[in-house]
Every structure is written in C-alpha cells, then in structure tokens.
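Got the viewer open? Let's take a walk through the model, one selection at a time.

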Amino acid sequence: MPDLPTPKDAAEAALFSECWDAVLSYADLCTSGSTAANQLAREAFALGIREARAAESGTARGAGRRPSRLPRIPLLLTAVRATAAAWEAQGQGHKLDPDLRLWLNSDKAARYVGPPLSRPIALRGLRDMQEPDAALLWLAEVEALPLQAVVRRQGLDQSAAVEELNEVRGLFRDRCHRNHLDTPMDAECRSYVRLLDAVTRSPAADTPPDLSRHLATCVECAEAAACLRLHGGGLPAALAQGVIGWGGLAYLERRRRAAEVRLGGGGLAAPDPEGAAARAAANKARVRRNGLLVTAVLVSGLALAVSMMPGDSGGDSLAKAGPTDSSPVAGPGAGVPSSAPASSAAPSPSAPKRSADGSPTKGKGDDAKPDPEPQGTSSATAGAGDGTKDAACEVQYDLVNQWPEGFQATVTVTTAHALDAWQVAWSFRDGQRVDQMWDASLAQDGSRVSATAADYNRTVAANGTLTFGFLASWQGKNTAPYAFTLNGQTCTGK
C-alpha cells in the first residue's frame, strides 16, 4: 500500500485535507468494508496527486494553451474509479461493491476511458474549462460549499459571487454544447441538436413530445440535455454522474449532507428561484422529522419518569430517544494525512449521528447518511402497510427524484421498540427493480424487497428512526410500494 504524498507547503497541506475527505467518501462507496475503503483511498490519492503534479509541472515547462485536465477533487475521484478498475483487473474485485464490479465490466464504464469524443458530455465540458472556473463550479455545485467561502478561497470578488458563478455556469454550458456538436451521432440525434439547444436555454420552454421521446431512449442526448439545462436544479447531478460515473448521485447526496454538518447547515449563497420548491419540500421533510424527534424525547422522558417510581427498575436514558447525527464522510478508523490540518478533516466519530439516506454502501462501517435533497421533481408518498392501530412501527416512503425509467427514494421507519438488528421489507405493484441501496443490504425476490441493517446502524433506540435509500428502475407506472414490515411485523403508513 503506497504512503500518502507529503504536501509541498502549508497551502497544499490544507488542500490535501479537503481532497482526502472527498476521496475517502467516494472510496467508501466503492468498497465492501472500511478497511478496503481506506486502502482504495490511499492508493487512489497517491495516484491522483502524482498525476496532478505531473500535469502542473508540464504546464510550467511548456508554452501555449494548457492541456485539458480536471480540477484537483474531480481528478482524484476519477483516480478512485481507475484504481477500482485496476483492482478488478488484478483479481482484487472481491474488495469492491458488487454493483460497482458489474458496472466496471459494462459498456457504461468503457465510455469513461474510451475515445475522447465518446466520453460523457459533462466530463469533456469540465475538462475544457480553465481550471479555476472548473474548480469554482465543482466546489459550489457538487461539493455544496457556500458560495462566499468558495470565492473567498479562490481570491475572487465576494460582492460579485453570484454573477461569477452564473458566468461559470454559462461557460460550462457553452463547452458542453460545443462538445455535443462534436460528438459522433446518427441522423436522428443530429436533427434534434438545434431544438435541444433552444429548449434548454429557457426555463419557460416546453419540451416537444417528439424530443421528449427521443431523450427517453438516447443516453447521449439525455446527458447533453442535463448539462445544457442550467435551470431546474439538475446541474449538480449532471456533473456528478458525468464526471464520476458509478455512484455519482450517492456521492452528491453525501457531500451535500457533509457540507451541512461541517458548516452548520450552510448551502449556496446564490439565489436559485428554480430550486425554491425543491428546497421547500426538503425543509418540510426536515420539519416532520424534527416533530418525530420531539415526540420521541417526550415519550422517552415519560418512560424514564415511570421507571424511577418506587417498585420499578431504571429505564433508558433520554439520550436514547430519537435519531442522532453522525459524521458525514470518513469511514471508521480513517484519518486525514498526518501533515494536513486537523481542522479541515471530516467531523469526529463523536459527532451526533444522523438518520437520513446516504450512499450505496452494503453492510460496511461508514457513518455517512446524507439527508436527501430533492433533485428536480420531488414528491412524498406514504408507504402504507396493512397495519393495525397498535402497530410497532410506522413507515414513510419518499420519492426523492424520478426520471424516465428510473427513480430515487428513501424509506424512514419509526420503531416503538429498541432494536439490535432490523430488516425492512415491502412489495412493489408495478415490477420496479432496485439497482443500488445505501445504509442497508439489498435483496429482491420478484416484487418483494428487503433491506437489512448495515453493521454501523443495526442498533435503534425505542421511538427512534432508521433510514435508508435506493435507486431503482420502473416501466409504465411507478406507484408507491405497500405491505411494509419491520422484522416481520406489519408497519402502518405515516
């Protein structure tokens, strides 16, 4: 296992700390356990830093236009993907997430290392930008850092932060449009190029039915549409999926929640009218969860008071009431490189724990469980079971996002009793298939799906909640699931 590179100076040490946090977060998504996650992160970090330094020294020695390259963090994330691919080729694939192994051996993965003109539009567009502009876009959109903090760190004018970000978004759109024109495509795709450009420029423009049908069946044109449409809040997902590839959406959700926890709930300072509805829906979901937490505390307080009455033995502590919040990124036992400032590292394991969805890990010790922020259209549907009045659990099913033939959802279960292990099961009505799941292990038999606790979230306090998320596919209809159970007991819908 290679040693981590030594920072050249204090500025690079601070950058290393931030980059390590991101690299370990994605490496944990890609592996089957915390030990493998740390090994993958270290190898990928060393590889990515060597590549970045070689590119920088080459630029300093050379003349003329700089070669195309990604900013530091996305460069390191692609190094994680490349290192995982090397593990698979060298017979170490058993250390990787099974879904990632399937992806690495598919045509989807081949696109990221194939001919340049066949690679995803977002990847090509970001590489073609000046590195400071590309870094600003990535940090603000994908890493979800507050805009004022990003422009301050990059030495930009804070009074013009919003205008600066909007200008960078426009530059990214222009690069993506040019790359879309350069992409080899058939006659049908070519016939929609101008229409796609026009429709994505205006937030009020309706997508013609024929173009909508084409986007539902053409991956390349759908990717281009996501990159060209700067309104509607879909740009972060387009960047994450286009640059990272497998696990891009899960990484995005994890980084958003990490930024909230690390910076006290901060987000982009830029006004975003198009995303107001999505943020409002997320805020309502948080209010509902906070209400459940208050109720749990009151119930636990009453139980404690009763337990202290004469003739009763002691009860549970109030500290066990409701969900707690955990650090957003680093896996157990992981640390920032010793030369990096500790203040920039991931929050300590003693930080309060959180019970929201995160990234598609399967039974491994990651304490990151990001709170879902809706991407695009957001709706919440109660996952009703056939429960009775005295059911021991309540379930809430939230449809976070939906697109042609796919969707993202989270499941939140409130349990009346303390749990040392749990398994949540439900049934789909319309043949939906779950592709990835995080904060639980997946099993599906026909329409019946089960989610089993990971090692790090097996224990749930009485009146506490457990949460996990998943990505799935659908055809024709996508109605909410039903017949939810917790450890075999029927749950009621919230």
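## Stop one: an exposed loop residue

Select Q475, which is exposed, with a relative accessible area of 56%; here buried means under 20% relative accessible area, exposed over 50% and partly exposed in between, using a 1.4 Å probe and protein chains only. Before moving on, note that this is a predicted model, in which local features need pLDDT of at least 70, side-chain atom pairs count only at pLDDT 80 or more, and totals for chains, interfaces and linings use all residues. Residues are numbered from 1 along each chain as its sequence is written, and side-chain values use heavy atoms, with hydrogens and water left out.

Q475 sits in the loop between β8 (465–473) and β9 (482–486). Helices (H or I, at least four residues) and strands (E, at least two) are DSSP runs, numbered from the N terminus. Which residues does Q475 touch, leaving aside its neighbours within four places in sequence? They are E405 and D430, where contact means heavy atoms within 4.5 Å. Now add D430 to the selection: from Q475 it is 45 residues away in sequence, yet 7.6 Å away in space, C-alpha to C-alpha.

## Stop two: two asparagines with positive phi

Pick N463 in the loop between β7 (448–453) and β8. N463 isn't a glycine, but its phi is positive, about 65°. With a relative accessible area of 22%, N463 is partly exposed.

Then jump to N487, in the loop between β9 and β10 (489–490). Its phi is near 50°, again positive in a residue other than glycine. N487 counts as partly exposed too, at 40% relative accessibility.

## Stop three: α9 against α13

Show helix α9 (residues 161–182) together with helix α13 (residues 219–228): their axes come within 9 Å and cross at roughly 160°. Axes are lines fitted to C-alpha atoms, for helices over the stretch in contact, and angles run from 0 to 180 degrees between N-to-C directions. α9 and α13 are therefore roughly antiparallel to each other; angles under 35 degrees count as roughly parallel, over 145 as roughly antiparallel, 65 to 115 as roughly perpendicular and the rest as oblique.

For side chains, turn on F172, R173, C176, H177 and H180 in α9, which meet C221, A224, C227 and L228 in α13. By class, this contact has six nonpolar, two polar and one charged residues.

While you're here, colour helix α11 (residues 193–201), where V193, L196, D197, V199 and T200 are buried. The buried residues of α11 pack against α9, α10 (187–191), α12 (209–217) and α13.

## Stop four: α7 across α14

How do helix α7 (residues 131–141) and helix α14 (residues 235–244) cross? Their axes come within 10 Å, at roughly 115°, and the two helices are therefore roughly perpendicular to each other. In α7, select L137, W138 and E141; in α14, they meet L235, P236, L239, A240, V243 and I244. This contact has eight nonpolar, no polar and one charged residues by class.

## Last stop: colour by confidence

Switch to pLDDT, the predictor's confidence in each residue, from 0 to 100. The mean for the protein chain is 75, and 69% of its residues reach 70 or more. Among the chain's elements, strand β1 (residues 379–381) has the lowest mean pLDDT, 38, and strand β4 (residues 423–427) the highest, 96. Finish on residues 265–290, where pLDDT is below 50, and on residues 292–300, where pLDDT stays under 50.

Key:
Ala, Val, Leu, Ile, Met, Phe, Trp, Tyr, Cys and Pro count as nonpolar, Asp, Glu, Lys and Arg as charged, and the others, Gly among them, as polar.
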